[in-house]
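Please open the model in your viewer with the side chains shown as sticks, and keep the sequence at hand. The tour goes from one selection to the next, with a short account of what is found at each stop.

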Amino acid sequence: MAGMLDGKVAIVTGGGSGIGRAACLLFAKEGASVVVADINEPAAKSVADEIGAKAIAVRVDVTDRASTDAMAQAAITAFGKLDVAFNNAGLAGRTERFTRTGDFSEEESDRVIMVNQQGVWNCMRSELQAMMAGGGGAIVNTSSLAGIRGYAGMAPYAASKHAVIGLTKTAALEYAAKNIRVNAVLPGGVDTPMNATMPDGWMDVVARTQPMKRVGKPEEIAEAACWLLSDRASFVNAQALNVDGGWSEVLSGN
Amino acid sequence: MSSPENIAMHKMLRERGIPTGNDLPEMRKFFDSMYADYVVPASVKREKVNANGVDAEWFRVGNPTACIIFSHGGGYVLGSTISHQALIGEIADAAGVDTLGLNYRLAPEHAFPAGVEDLVNAYRFVLDSGVPADRIALAGDSAGGGLTLSGLLSIKAQGLPSPRCAYVISPWTDLTTTLPTMASQADLDPICTLESLQQLAGLYSGDLKDPIASPLHGDWSGQPPLYIQVGEYEILLDDSRELAKKAKAAGVDVTLEVSPMGVHVYPQFSQIHPEGADAIVKAGAFLRKHLG
């Protein structure tokens, strides 16, 4: 059976760990050539090495437009084009102490907004150009359940993840006629290095409160991104897809 | 979503557990030590007092013109003004009102209605000291919240003037333990279990449906404003929701606050999660509004 991404060239940001790493491995298995992009270059290299000849590692700082341009160019240089991109690099930005919206310093909030929001925008700026040149493509951006809900103590994260959905839906409208689809995935509680930065016990309790009584695996988010990027999702556009085991439905406020 | 601090706190509570067994002195000692890490506000001055025969303790903040009478939780069997010192102190501080913490008599040595009698006797003590009824609030958590509500019913039944208002946290209002959240929230509640509640109810009262012992079954007409705080993740959630429904239907001014992913008596953990700190601030505002 043919792979879902046969013959496609993919970029994955945050590809060195967590959901990004799982996506790189899956996309390659599904037939794509993969640009493993991460600010942590050794981590990117390790994932690219694991995949082999159909992957390259690129160091990217998503807050820097020149760096995201270089990333898109690297795809074209190495594999001749860019078809799909999974803009997944992000950070939680939780402070050591509980911090309310009015108490976040600009420095603390700017860093999260720059990576999670402006980073996705920079990636799209660079990728959309390359995809238009190639006649089309597909993009998936990583938002979060905090992209549709407030998250007490995590104002920059929630703000940036809401923004990712705004950017996703707007770009989707603007580029639909150019044969580029743009969607977002909203992971729930997932066992990733980022979530390991949450307070002790967070993961255990999230698992207990899930409808499925477990947290997600990075591979399960990667599967959703893979489908959205593939031609099998050819009429799916401007969507924010929860991949959370149903958690959003049982969180109070529904 | 609730704060990561609240979510993470559940695990700590689950691992700590609650006092169980038959060694009452040991269980009471453990219960008194459970909240020892939490600090009583520096503004609070404590003073032991015999309140009309009831062992009690003042948590004074320099405003004796009004009074909050606080009944602690602990399933009618455990607890004291030691176990609840930080919570009582924080409420006194937030409300800006001298607060009388009761060491009401505990079951099984003193079963229902001993605790209710003690609360009403302490209420008479405060009235006799010159604080009028409309400057008194009753407050309590868990079983102490149930006791507070029992006290309101008992005060009215005895023809005494009702206090100005009542503030209850996760009150235990139905000793029959048959409401739906006993099952639906069982996996989510890191503190209370149906078995422990049933054991405690049996020690406290021979008649679980007595309308004073189980104030959910009482007549709520003519009662003063109620402020109820309860956690979403507790098996006692319906004890609050049903009480609020019933009191509202009887014409009582009821404010019910359900804290998302909140645990049993979540304001007691105000010093380790922001939702708890917010709850104390809101309780202070409610009490100031009525007593201020």
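Begin by selecting R16(B) and Y35(B): in this predicted model, R16(B) lies over the face of Y35(B), at 5.2 Å from the ring centre. Keep Y35(B) on display and add F31(B), Y38(B) and F269(B), since ring pairs link these residues and Y35(B) into a cluster. For another charge placed over a ring, move to W58(B), where the charged end of R60(B) sits over the ring at 4.2 Å from its centre.

Next, colour strand β6 of chain B, residues 165–169, and show its surroundings. How many of the 5 residues of β6(B) are buried? The count is 5 of the 5, so the strand is largely enclosed by the rest of the structure. In a regular strand the side chains alternate between the two faces of the sheet. Looking along β6(B), you should find C165(B), Y167(B) and I169(B) pointing one way, while A166(B) and V168(B) point the other way, and all of them are buried.

Now bring in the neighbouring strands. Strand β5 of chain B, residues 136–141, runs parallel to β6(B) and is joined to it by 5 bridges; in one of the places to select, G140(B) has V168(B) of β6(B) as its bridge partner. Following the chain from β5(B), you pass through helix α5, residues 143–157 of chain B, before arriving at β6(B), and this β-α-β crossover is right-handed. Strand β7 of chain B, residues 226–231, also pairs with β6(B) in the parallel sense, over 4 bridges, and here V168(B) has I228(B) as its bridge partner in β7(B).

Stay with the crossover for a moment and select α5(B) by itself. The helix has 15 residues and reaches 21 Å from its first C-alpha to its last, which is close to the 21 Å expected at 1.5 Å a residue. It is mostly covered, with 13 of its 15 residues buried, and α5(B) is followed by G159(B), whose phi is positive, near 80°.

Return to the strands for their aromatic side chains, bearing in mind that the count over all chains comes to 10 aromatic pairs. Select Y167(B) and Y227(B): their ring centres are 5.7 Å apart and their planes are at 20°, so the pair is stacked. This pair links distant parts of the chain, with Y167(B) in strand β6 and Y227(B) in strand β7 of chain B, 60 residues apart. Y167(B) counts as buried at 0% relative accessibility, and Y227(B) is buried too, with a relative accessible area of 5%. Adding F286(B) shows another partner of Y227(B), with the centres 5.2 Å apart and the planes at 35°, so this pair is tilted. Because Y227(B) lies in β7(B) and F286(B) in helix α9 of chain B, residues 274–291, the pair ties together parts that are 59 residues apart in sequence. Like Y227(B), F286(B) is buried.

Finally, turn to the cysteines of chain A. How many disulfides are counted over all chains? The count comes to 0. Select C123(A), which is in no disulfide and has its nearest cysteine sulfur, that of C24(A), 13 Å away; at 1% relative accessibility, C123(A) counts as buried. C226(A) is likewise in no disulfide, the nearest cysteine sulfur being that of C24(A), 12 Å away, and C226(A) is buried, with a relative accessible area of 0%.

Notes:
Residues numbered from 1 in each chain as written. Chains lettered and ligands numbered in written order. Predicted model: local features only at pLDDT ≥ 70, side-chain atom pairs only at ≥ 80, totals over all residues. Heavy atoms only, no water. Disulfide = S-S within 2.5 Å. Buried < 20%, exposed > 50% of the residue type's maximum accessible area, 1.4 Å probe, protein only. Helix = DSSP H or I, 4+ residues; strand = E, 2+ residues; numbered from the N terminus. Pairing = 2+ DSSP bridges. Right-handed = clockwise from strand over helix to strand, strands pointing away. Phe/Tyr/Trp six-rings, centres within 6.5 Å; stacked < 30°, edge-to-face > 60°. Lys NZ or Arg CZ within 6 Å of the ring centre and 35° of its normal. Expected span 1.5 Å × (residues − 1).
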